[in-house]
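Q: I would like a close look at a single part of this structure. Please pick one helix, go through its surroundings in some detail, and tell me which cut-offs lie behind the terms you use.

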Amino acid sequence: MGRRLIMNDDKSFGKRVILKISPNFDSRKLENKTFENDFNDFTDVYADRIRGWLICWAQELNKPEHAGFAALQLALAFFEGFAVFYYGEDSDGKSQVFFGRGLRLVFSQLDGIPEKQADAISRKLYRLGRCGLFHIGMVRAGVFLRDGDYEFEVQFDAADDVAAIFIDRHKFVRAISTRFEQYVRELRDESNSERRQCFVAAWKLVHKQ
């Protein structure tokens, strides 16, 4: 049986439609709003999306014993987009670079180790963790879940390359949530013009058609 393309020929097409744009807001929240006069409304929607679509579900998935990698998949989805909004730049074609930039925004301790090691951690976590989970539904060899007194711990081989990354899924998600809430406070600070300008640029990039 052939496939059919369904077209909407409803005569009411074009009338005002109210859509959910985040867990707690619908399209009326931003209707006729401008960044100049209603910046906080855009911040409300963005914060509600990240909390309600990513972070809170990563936290929920951390409760069952065997949902850790599902929680990690949501957590690893955070970094690229976070860097896009923080820097106001498009990550198209530069996904790994922006993943690394977002990772450093959350885990600033990466700036305190040799650059070669920091780059290796970012590269391996992106390829083995983020891409592994997104493309094949499981991490590739080298990324492990293990509770500890760290967000993540890294073992290096003799060539100073990453041999293994151990992630405490609870502390990892908690670190993301803490940094994100700090960022939202930065956005609400009217004196922080740089962060707000970058946010506007990113919003326009993400929502262009």
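A: **Helix H3 in its setting**

Of the protein's 209 residues, 45% count as buried, where buried means under 20% relative accessible area, exposed means over 50% and partly exposed lies in between, with a 1.4 Å probe and protein chains only. This is a predicted model, so local features need a pLDDT of at least 70 and side-chain atom pairs count only at 80 or more, while totals for chains, interfaces and linings use all residues. Residues are numbered from 1 along each chain as its sequence is written, and side-chain values use heavy atoms, with hydrogens and water left out.

Let's begin with the overall layout. The protein has 7 helices and 5 strands; helices (H or I, at least four residues) and strands (E, at least two) are DSSP runs numbered from the N terminus. Along the sequence they follow the pattern β-β-α-α-α-α-α-β-β-β-α-α. The C-alpha atoms fill a box of roughly 70 × 60 × 35 Å along the principal axes. Among contacts with a separation of 6 or more, 52% are between residues 24 or more positions apart, a contact being heavy atoms within 4.5 Å. The accessible surface comes to about 12400 Å², and 51% of it belongs to carbon and sulfur atoms; such areas come from the Shrake-Rupley method with a 1.4 Å probe, and for residues only the protein chains shown count as cover.

The part I would pick is helix H3 (78-87). Because 8 of its 10 residues are buried, H3 is largely enclosed by the rest of the structure. Those buried residues are Phe78, Phe79, Glu80, Phe82, Ala83, Val84, Phe85 and Tyr86. They pack against H1, helix H2 (68-76), helix H4 (95-106), helix H5 (115-136), helix H6 (169-188) and H7. After H3 comes Gly88, whose phi is positive, near 70°.

From the helix we can move to the core. The largest nonpolar core has 55 residues, and Phe79 of the helix is listed with Tyr46, Phe172, Phe180 and Phe199 as those with the most contacts inside it. Such a core is a set of buried Ala, Val, Leu, Ile, Met, Phe, Trp, Tyr and Cys residues joined through side-chain atoms within 4.5 Å. Helix H1 (residues 35-61) gives the most to this core, with 9 residues. Phe180 shows how the pieces meet: leaving aside its neighbours within four places in sequence, its contacts are Tyr46, Ala47, Ile50, Arg51, Ile55, Phe78 and Phe82.

H3 also takes part in the largest pocket, whose volume is about 350 Å³. The pocket is lined by 17 residues, with Ile50, Ala77, Gly81, Phe82 and Phe85 nearest its centre. H1, H3 and helix H7 (193-207) are the elements that give two or more residues to this lining, and H3 gives the most, with 6 residues. By class the lining has 11 nonpolar, 3 polar and 3 charged residues. Here Ala, Val, Leu, Ile, Met, Phe, Trp, Tyr, Cys and Pro count as nonpolar, Asp, Glu, Lys and Arg as charged, and the others, Gly among them, as polar.

Phe78 leads on to an enclosed space. The structure holds 1 cavity of 30 Å³ or more, and the volume of the largest cavity is about 40 Å³. Its lining consists of Leu54, Ile55, Ala58, Leu74, Ala75, Phe78, Val173 and Ile176. H1, H2 and H6 each supply at least two of these residues, and H1 has the largest share, 3 residues. By class, this lining has 8 nonpolar residues, no polar and no charged.

As for how these spaces are found, a 1 Å grid is laid over the protein atoms alone: a cavity is a set of points where a 1.4 Å probe fits but cannot get out, a pocket is an open set with protein on both sides within 12 Å along at least five of seven lines, and lining residues have an atom within 4 Å of a point. Grid points are joined across faces, edges and corners, and a volume is the space filled by probe spheres set on the points.

One last backbone detail goes with Gly88. Asn32 has a positive phi of about 60° although it is not a glycine; it lies in the loop between strand S2 (25-26) and H1, and it is exposed, with a relative accessible area of 75%.
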